[in-house]
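Here is a short, friendly note to read alongside the structure. Please keep the model open as you go through the points.

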Amino acid sequence: KAGIPLGVMKVLDPRQLKPDSMETERILTVLDETIVKLEITRLIPRIIGSLERYARMLGPEITSSLLEHQKLSMEIEHQLASPGDEESVTAVEQRLKCSLRNILRLFLANPLLYHGLKYEVRVRESPADVFIKAFMEFRDFTLERLLTSPDEEKEKIQFMEDISLRVEKNMETISALREELAAAIQTRDEEVNRKDKTIENLKTSMEDLAKDCKADIQQIMKEGEKQQKEDEEASQDRCARLKQDILRLGAQFNALVLEHRASELVLRKEKCKAEREIQKWVQKYDTDMTEKQATYEELQAAYNEEKAQLSLLMEKHALLLQEYTQIEEERRMLKEKEEEAEREEARRNDAATCIQAFWKGYLVRSIYKSKLKKGKGKGKGKGK
């Protein structure tokens with residue numbers, strides 16, 4: 001697709017064709033309306049055949065029009081079956097055409113009804129379907145011709161020529177590949193024949209090897225039987241020795257059983273004595289634990305009482321701590337206010353001292369200036 005020109009793509013794929021002028025849109029509208037009329041006309045016989053079923057959906061106006069159309073169809077069929085006046089036949093045909101146009105107009109005025117009937121009414125395939133399909137193809141062909149410019153037509157022709165050249169090249173490539181495939185198949189057959197011969201030779205070698213192995217197996221069987229006899233004799237000698245060992249060990253086992261029974265009796269006596277001691281210690285433990293349990297309960301009661309008192313004291317302590325914290329905070333704030341007041345007082349004193357010093361300097365300068373003015377006035381009088 002990357003190598004196909006845009007104009008050729010539009011021509012090859014009718015879904016990409018879009019009307020680009022008012023005249024084209026009008027032509028397509030007429031063709032689309034004609035297709036819809038053809039589909040409605042195809043449904044009309046089926047609807048008339050089951051008119052009672054679709055009467056509520058169609059409404060009174062369309063139902064009456066369909067009944068009228070049915071009467072006209074029956075009338076024209078009757079006239080065609082019995083030859084008569086051609087003028088009356090022509091008149092009935094004209095009325096039938098007018099009735100069909102009226103029905104089509106009513107259906108086109110209500111597109112939802114048409115679409116509902118299109119999926120509701122089941123129609124068998126008929127020659128009308130072939131005609132409608134051909135008309136749809138004619139509509140697509142017309143759209144293609146209307147939207148294909150001369151340049152795009154040239155591109156299409158050039159593209160088809162290029163495709164033909166590519167097909168020829170591909171056919172040549174395919175022929176060469178077929179020749180290579182035939183050569184490869186021949187080579188493979190030769191290799192298979194060679195391997196078959198190798199397999200036959202190996203089969204012959206295996207048969208010879210089986211014969212040799214059979215002789216070797218017989219020799220091994222003889223040696224195995226001889227070895228088995230020797231092993232049986234050695235096994236019998238070993239079994240005799242083992243029986244003597246079993247008798248000796250049995251005597252030792254009986255002596256050990258008697259010894260262990262005597263030691264077991266002593267240990268049973270010690271066990272009974274230990275159990276009596278344990279019983280005494282258990283009784284003593286129960287007595288001590290009963291006393292300690294009573295003491296523990298007394299201590300637990302005292303502990304609970306002290307714990308309750310501690311809780312009250314802790315609550316009081318929390319309240320006192322809160323009050324203490326509040327008092328400390330108030331003291332801190334009062335101290336900060338006092339320190340701030342002291343700092344403010346110090347600033348005021350410093351400011352007053354500065355103002356007084358400034359004022360004293362101002363007074364001294366004023367007195368000095370007045371004295372200077374008086375001195376200058378006396379000097380001028382003396383000069384005169």
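1. A good place to begin is the surface, where Phe358, Trp359, Tyr362 and Leu363 form a nonpolar patch with about 460 Å² of accessible area together. Patches are made of residues with over 30% relative accessible area and no salt bridge, joining nonpolar side chains (Val, Leu, Ile, Met, Phe, Trp, Tyr) within 5 Å and like charges within 9 Å. A salt bridge here is a side-chain nitrogen of Lys or Arg within 4 Å of a carboxyl oxygen of Asp or Glu. Phe358 sits in helix H8 and is exposed, at 58% relative accessible area.

2. A word on the source: this is a predicted model, with local features needing pLDDT of at least 70 and side-chain atom pairs pLDDT 80 or more, while totals for chains, interfaces and linings use all residues. Residues are numbered from 1 along each chain, and side-chain values use heavy atoms, without hydrogens and water.

3. The protein has 8 helices and 0 strands. Helices (H or I, at least four residues) and strands (E, at least two) are DSSP runs, numbered from the N terminus.

4. Helix H8 covers residues 150–383 and also holds Asp237. Asp237 joins Glu230, Asp231, Glu232 and Glu233 in a negative surface patch. At 47% relative accessibility, Asp237 is partly exposed.

5. How much of the protein is buried? Buried residues are 14% of the 384; buried means under 20% relative accessible area, exposed over 50%, and partly exposed in between (1.4 Å probe, protein chains only).

6. The disulfide count is 0, a disulfide being a pair of cysteine sulfur atoms within 2.5 Å. Cys272 is partly exposed at 39%, and Cys354 is exposed at 53%.

Notes. Areas by Shrake-Rupley, 256 points an atom, 1.4 Å probe, with all protein chains shown as cover. Lys, Arg positive; Asp, Glu negative; His and termini not counted. Charge placed at Lys NZ, Arg CZ, Asp CG, Glu CD.
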